Amino acid sequence: MNVAVAIDQIPQDALPSASEAGPAPKRIVVAYGFWIFLLSDIIMFAALFASYSVLVRSTAGGPTGAQLFNQATVAIETACLLVSSYTCGLMSLAVNSRRHFGTYLGALITFALGVTFLGLELREFSSMIAIGATPQRSAFLSAFFTLVGCHGLHVALGLIWLIVMMVQVAVFGFVAKVQHRLLCFSLFWHALDIVWVGVFTVVYLMGVSA
Amino acid sequence: MTEARHERAPGDRPSREMHESDPSEFFVYTIGLSVAVLLTATSFWAANTTLLWPGGVFLGLAVLAIAQMGIHLVFFLHITSGPESTNNVLALAFGVLIVFVVIAGTMWIVADMNANMMIPSGAPMSMRMQH
């Protein structure tokens, strides 16, 4: 009874409902689809986090996380990725207002910070491998290299994607298609930063404090 | 105004004209960055301090990480509770549910199996996963 009364009280001049307004604009459909992909990607990372948490104590007599991890490196990596997420956000503001210079500047800073992050991570990996802490050494190290390496691979792919997007901006300008792709890129980059929050907390900080 | 009641694309700001640059959007990102920096710095401090009870540090780090993920979602990805972002929030809620099931379920099942593992007589204790 009350439901019927409530429906009667809806003002008639309200905005048309989504079904009356027709299909959603391309921008919304594209970004929503990419959002679904990102969530599935995060679920894949959840599986890697779960396996890491299970295997973290299975060091097979090899080095533990507390012996291997250097917190200063992790702090710099975290700062790089966080600031690059911020500059990526500023870049998407410049894209929305179609400013070429702001877009290129934001992309350049984001790219430089991403490359710094990746360089530090590779240096960390190679120094670990140099002292015998390879993925074959223990289940803990296998899980570590899979989780952190998978995130690093995503960052590397994101950097290639960023170069491709800047070429597209230079060639095609801010047409709708390029804007949709840039929106997807910024979603991807922010999602990578969210995953990194999990990585530095679970792997590095809990690894050295526990 | 062609603004029908459509959903909003994830990552877009709530119902703004896309062509004008609004200084308030710049401040949204800046606030997000400052809060995220504060939470990260607190995490690194908590992991290294001896002032706190070690058992509590573990829980505190988890809370700080979840808080920072929330900050990123709100200030960088612009996920709101508004009616035009219902689909985005529903998809996110489903993703979080699956993430929780995968992580908590795995840890529960494996810890249970590890506790119930039959140790063959004469086998070293190191067959258990704890070392």
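Modeller: Quick ground rule for this predicted model: rings of Phe, Tyr and Trp pair if their centres lie within 6.5 Å. By that rule there are 18 aromatic pairs over all chains.

Biologist: OK, take A:Phe34 and A:Phe37. What makes that pair tilted?

Modeller: The planes sit at 50° with the centres 5.4 Å apart. Stacked needs under 30 degrees and edge-to-face over 60, so an angle of 50° falls to the rest, tilted. Both residues lie in helix H2 of chain A, three residues apart, about one turn of the helix.

Biologist: Why is A:Phe34 called buried, and why is A:Phe37 called partly exposed?

Modeller: Buried means under 20% relative accessible area, so A:Phe34 qualifies at 15%. A:Phe37 has 39%, which lies between 20% and 50%, so partly exposed it is.

Biologist: And what makes A:Phe125 and A:Phe144 edge-to-face?

Modeller: Their planes are 75° apart, over the 60 degrees required, and the centres are 6.0 Å apart, within 6.5 Å. A:Phe125 lies in helix H5 and A:Phe144 in helix H6 of chain A, so the pair ties together parts 19 residues apart in sequence. Both A:Phe125 and A:Phe144 are buried, and they belong to one aromatic cluster that also includes A:Trp196 and A:Tyr204.

Biologist: Now across the chains: how do you know that H7(A) is roughly antiparallel to H2(B)?

Modeller: The axes come within 10 Å and cross at roughly 170°. Over 145 degrees counts as roughly antiparallel, so H7(A) and H2(B) get that label. Among the residues making the contact are A:Phe200 and A:Leu205 of H7(A), with B:Phe58 and B:Leu61 of H2(B). By class, the contact has 13 nonpolar, six polar and one charged residues.

Notes: Residues are numbered from 1 along each chain as its sequence is written. Chains are lettered from A and ligands numbered from 1 in the order in which they are written. This is a predicted model: local features need pLDDT of at least 70, side-chain atom pairs count only at pLDDT 80 or more; totals for chains, interfaces and linings use all residues. Side-chain values use heavy atoms; hydrogens and water are left out. Axes are lines fitted to C-alpha atoms, for helices over the stretch in contact, and angles run from 0 to 180 degrees between N-to-C directions. Helices (H or I, at least four residues) and strands (E, at least two) are DSSP runs, numbered from the N terminus. Angles under 35 degrees count as roughly parallel, over 145 as roughly antiparallel, 65 to 115 as roughly perpendicular and the rest as oblique. Contact means heavy atoms within 4.5 Å. Ala, Val, Leu, Ile, Met, Phe, Trp, Tyr, Cys and Pro count as nonpolar, Asp, Glu, Lys and Arg as charged, and the others, Gly among them, as polar. Buried means under 20% relative accessible area, exposed over 50%, partly exposed in between (1.4 Å probe, protein chains only).
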